[in-house]
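Hello,

Here is the structure I promised to pass on. Please open it first, then read my notes below.

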Amino acid sequence: MDVEGNKRVFQRLGPSTTDTRNQKVCFNWRAGKCDRFPCPYLHRELPPPQQQYARNGTSKRPHGFAADEQQMPRRNPNFSNTSSSSWGRGYGGGGGGGGRGIVLKKTEKICNYWVQGNCSYGDRCRYLHSWTTGDCFSMLTELEGHQELVSGIAMPSGSDKLYTGSKDKTVMVWDCQSGQCAGVISLAGEVGCMLSEGPWVFVGAPNVVKAWNTQTTMDLSLNGPVGQVYALVVGNDLLFAGTQDGTILAWRFNAVENRFDPAATLKGHTLAVVTLVVGANRLYSGSMDQSIKVWSLETLQCVQTLSEHSSVVMSVLCWDQFLLSCSLDKTIKVWVATESGNLEVTYTHTEEHGLLTLCGMHDSEAKPVLLCSCNDNSVRAYDLPSFSERGKIFAKQEVRSIQVGPGGLFFTGDGTGKVRVWKWLAEPTASTATAR
C-alpha cells in the first residue's frame, strides 16, 4: 500500500483549510483531457484572492482615453507647426502612457489550448481566447500560404490585389475580393522589403531591386545593391534603397526608355540600413549602427546624424512636424525640429521589449493612432500624442510587417508566414453612449 502516495493525495485534495499558496491547478484537467493518475496537480479550482488577482490580472496600461485629450492634426507629408508640448502627457507622461478605461480581467497571454481548438474551460479560462485586447479593431481574415516570415506587404493604388513577400523567397498575390491567392512569384533570394508607389511594386532582395508595373506588367531589375535590400522609399522622384553594406542607392525613372537609371549613392552608415522614410524634403535612414542620418533631398548630402538610440534603429516614421523612431533598445523617440533646423528628442516612450516596426494611421473616427510591433510577438495601438494604449494584437511569432489599406483596413505579417487583415471599428457616438 502506497501510504506516502495517499498522504500526498490527501495533502493535495484535502481539507479546504490547507495552505494552497504553493499548489497549482492541472492545465490538462482544465482542458478536460488529463489522463495522469495520480496527477501531481490539483483537479479543482483554488479560490483566488481578489487583491492578488486584481494585481496580476490588470493591464499595466488600461484602455480608453479622456474627452479632453489633445489630438494631432491629420498626417501631412511635410512637417507643420503643431505644438510638441503634448507628447506623452495625456495621462501623466512617462513611458507607461496609462489612462482611465476598461480594466482587463484576463492574463494577457493567449491560451495554447484555444489556439489548438480544444480548450474546454471556455469563458472561465484565465488566458485569452482572442488575438486582441481592446475593442477598437477586429480581424477580418487570415491569408495563409507563406512558409516563413512575412517581410513585406504592398497594395498598389487602384489595384484589387495585395502583394506579400516572405523570407521563403516568394511574393504572393492575393485577390482582395475573394481573399484567395491569385499567383505566386518565385525569386532567387529572400524578400527583404516591399513598397508600392502608384502602379509600381518594388521588392528588395539580395543584390537587386525588382520593379513590377501592375498596369503594364513591365518587369525590371535594378542592379547595384550589395547584399540584402532592407528598405525602400520614394521621394523627390527618386527611388531609394537601403542595403546591407550601409549604402543608400537612388534611381530615377526614365519614361522615354522605360527604365530606372542610377542617380546617386549615399554613404555614411557603417552598418546595414534597415529603414527609410521621406518627409519635410528630407530622407531619414535608420541603421544597425544605432544612428539615424538626415539627408537633404535636394543635395543628397547628410545634414545631421542622430545618435540617441543605443541599439539598432528598426523603424522611422514621419508624422506632421515630428519624426518617430523605434529601436531594439526598447524606446520610441519623438523628434522635433528646433529653430536652427536640427532635430532633438522631445519625448521618449519606453517599452518592456525591443521594438521592431512603426506604422501610423487614423482610426474610424479619424484620430491618429500609432501601431507599434514589439519582439514579444505583439502589436500595441497607441493614441497620439498621449501614447495611451488602445489595444493589442497578438501573434505566434513577431510581426515584422504592417501596412495600411483603404477604408480603415490594415495588414500584419508575422514570423509564421501568416498575413492577417484587420479593420478599425467605429466608436459609439456621444448620443449612443448617453442613451446607454
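Which residues does Ile332 touch, leaving aside those up to four places away in sequence? The list is Ser325, Cys326, Tyr347, Thr348, His349, Leu355, Leu358, Leu370, Cys372 and Phe387. Please keep in mind that this is a predicted model.

Ile332 also belongs to the largest nonpolar core, which has 23 residues. Ile332 is among the residues with the most contacts inside that core, along with Trp87, Leu324, Leu358, Leu370 and Phe387. Five elements give two or more residues to this core. They are β21 (313–319), β22 (322–327), β23 (331–337), β25 (355–362) and β26 (368–374).

Now the protein overall. It has 436 residues, and 49% of them count as buried. There are five helices and 31 strands. Among contacts with a separation of 6 or more, 47% join residues 24 or more positions apart. The protein exposes about 21,100 Å². Carbon and sulfur atoms supply 48% of that area.

One sheet is worth a look. It is open, with four strands in the order β17-β18-β19-β20, and the pairing is antiparallel. β17 (273–279) and β20 (302–306) are the edge strands, each pairing on one side only. From one strand to the next, the twist averages 20°. Inside this sheet, β18 (residues 282–287) and β19 (residues 292–296) pair over five bridges. Tyr284 stands opposite Val294 in β19.

Best wishes

Note on methods: Residues are numbered from 1 along each chain as its sequence is written. This is a predicted model: local features need pLDDT of at least 70, side-chain atom pairs count only at pLDDT 80 or more; totals for chains, interfaces and linings use all residues. Side-chain values use heavy atoms; hydrogens and water are left out. Buried means under 20% relative accessible area, exposed over 50%, partly exposed in between (1.4 Å probe, protein chains only). Contact means heavy atoms within 4.5 Å. Accessible areas come from the Shrake-Rupley method with a 1.4 Å probe; for residues, only the protein chains shown count as cover. A nonpolar core is a set of buried Ala, Val, Leu, Ile, Met, Phe, Trp, Tyr and Cys residues joined through side-chain atoms within 4.5 Å. Two strands pair if DSSP finds at least two bridges between them. Axes are lines fitted to C-alpha atoms, for helices over the stretch in contact, and angles run from 0 to 180 degrees between N-to-C directions.
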